[in-house]
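Q: Please take a close look at one part of this structure: the loops with unusual backbone geometry, and the spaces around them. Walk me through slowly, and include the ligand site.

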Amino acid sequence: MKKITVLGVTGSIGTQTIDVVKNHSDEFEIVAMSAGRNIQLLEEIMQSMNVKHICVQNKEDKEYLEGKYPDCQFYDGQDGLIAIATLTEVDIVLNAIVGFAGLLPTMEAIKAHKDIALANKETLVVAGHLIIPLVKEYGVALLPVDSEHSAIFQSMNGEHHGDIAKIILTASGGSFRDKSRDELKDVTVEQALKHPNWSMGAKITIDSATLFNKGLEVMEAKWLFDVDYDDIDVLIHPESIIHSMVEYQDTSVIAQLGTPDMRLPIQYALTYPYRQPLIGGKRLSLADIGSLHFYRPDFKRYHALELAYEAGRMGGSMPCVLNGANEQANALFLERKIHFLDIERLVEEAMRAHQFIAYPTLEQLLEIDQWARHFVLKRVGED
Ligand code: NAD
Ligand code: MG
């Protein structure tokens, strides 16, 4: 029985993780879980399965739950996340928190010798230079949950790292892939939230529309698979059937395909190196699909992707600036306080204003993240 802590259980990845665990209850048990502020959904999840350790973001919510569920142990805030990610009985922590908030629990879980199933890409983007050495030092497994990275991971099974020529990350292109740059000027939040292929949390859906999501994934791939930025290509593939590919020295290209369903990469991260039936999963029929399409992303059209490559190549503190500014600008767009194209403009302005640090410590990253958010807020008169 694999014992799991799920961080961010009320989110899109979190609820799909519950589904996977319930479908394989003889293999997996959730012993601890966290939610942010969606207490109603958390309670529904609590009533549907017996989980002893529960963390919420706010103290008031914790006190309310303590009064109602005397058999459970409740935690709150960052310390609570760390506590449930490091419990002795836990084997693996599935981190499905959105954003920078996932960083400290991931690092502490690694130090407590827990394997990590990582959906929370922002933590690798910001602190890959700290996380990867920790993973090696503590000898834990770092298993990707992001569909593209799971595909790459699966396409590398049994291969030698030295034989890899290139990683090809596929991208759906997001909600606005058919719009010109000019048409992006006055797109709405509602339009941006309509992703053509995937149903996901709001932040990543907006990131998919700007292509910052793909930019974050390029950096995530660099850290997970130890490849140079020159050897990571992005390919727009509107159907989201090929989840990503790896090209080898001998020109062979190995890809992982499937109908778009996040439960597959979630489940594979939990069952690896084995596979299990995906209950309710839809089989791929290429005959029914007929044709697949691909094109190169234009950096002028997708400036966010260009910025992400720039930040990744610079390394050091720059990905943290890009990420923090993007998290803030993404939130402001969702609050309808800025326009869609302001997101990448504000991120770029933060990058230009930042005093670069080559090897930032954890403390410096926490400060830089705050600096980037405040910079964005100040630029739009919200601070
Ligand atoms: P979501 O917004 O649906 O859920 C986020 C979860 O984290 C919720 O449970 C929320 O309550 C919790 N949370 C949010 N802020 C928090 C904070 N400050 N402290 C503690 N908990 C907090 O997000 P999601 O779409 O499930 O995405 C989660 C992560 O997985 C992101 O990093 C995203 O990039 C990544 N990811 C998601 C998908 C997808 O299909 N949704 C695919 C690939 C990668
Ligand atoms: Mg992805």
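A: Start with P273. In this predicted model, P273 sits in the loop between α11 and α12 (286–289). Look at the bond just before P273. Y272 and P273 are joined by a cis peptide bond. Its omega is about 10°.

Now follow α11 itself. This helix spans 263–271. It helps to line the second largest pocket, and it gives the most to that lining, with five residues. Two other elements, α7 (147–155) and β11 (253–257), each supply at least two residues of the same lining. The pocket holds about 460 Å³ of space. In total, 23 residues line the second largest pocket. Find its centre by looking for G258, T259, L264, L278 and K282, the closest of these residues. What classes of residue make up this lining? Polar residues number 11, nonpolar ones eight, and charged ones four.

Next, move to a second backbone feature. L211 lies in the loop between α9 and α10 (212–225). Its phi is near 80°. That is a positive value, and L211 is not a glycine.

Stay with α9 for a moment. A search of the whole structure for cavities of 30 Å³ or more finds one. About 50 Å³ of space lies in this largest cavity. Two elements give two or more residues to its lining: α9 (202–210) and α15 (340–353). The largest share comes from α15, with three residues. Which residues line the cavity? They are R181, L184, A209, T210, R301, Y302, F340, L341 and E344. By class, five are nonpolar, three are charged and one is polar. The lining also brings two domains together. Domain 2 (150–260 + 269–306) and domain 3 (315–383) each provide at least three of its residues.

How can such spaces be found at all? A probe the size of a water molecule is rolled over the atoms, and this shows where empty space is left.

Finish at ligand 1. How many residues surround it? There are 22, and the closest are T10, S12, G36, E122 and G201. Three of these make a good tour of the site. Begin at S12. One of its backbone N or O atoms lies 2.9 Å from an oxygen atom of ligand 1. Go on to G201. Here too a backbone N or O atom lies 2.9 Å from an oxygen atom of the ligand. Then turn to E122. This time the side chain is involved: one of its polar atoms lies 2.7 Å from an oxygen atom of ligand 1. How much of the ligand does the protein cover? Taken alone, ligand 1 exposes 820 Å², and the protein buries 85% of that.

Now step back to the shell around ligand 1. Two helices, α1 (12–23) and α6 (121–138), each supply at least two of its residues. Domain 1 (2–144) and domain 2 each give at least three residues to the shell. By class, the shell has 11 nonpolar, eight polar and three charged residues.

Put the pieces side by side. Domain 2 contributes to the ligand shell along with domain 1. Domain 2 also contributes to the cavity lining, there along with domain 3. The cis bond between Y272 and P273 belongs to the part of the chain after α11, in the loop that holds P273. The positive phi of L211 belongs to the loop between α9 and α10.

Terms used
Residues numbered from 1 in each chain as written. Chains lettered and ligands numbered in written order. Predicted model: local features only at pLDDT ≥ 70, side-chain atom pairs only at ≥ 80, totals over all residues. Heavy atoms only, no water. Near = heavy atom within 4 Å. Polar contact = N/O pair within 3.5 Å; in protein donor to acceptor, adjacent residues only side chain to side chain. Areas by Shrake-Rupley, 256 points an atom, 1.4 Å probe, with all protein chains shown as cover. Helix = DSSP H or I, 4+ residues; strand = E, 2+ residues; numbered from the N terminus. Nonpolar A, V, L, I, M, F, W, Y, C, P; charged D, E, K, R; others polar. Domains from an automatic or database assignment. 1 Å grid on protein atoms, 1.4 Å probe; cavity = no way out; pocket = protein on both sides within 12 Å on 5 of 7 lines; lining within 4 Å. Points joined across faces, edges and corners; volume = space filled by probe spheres on them.
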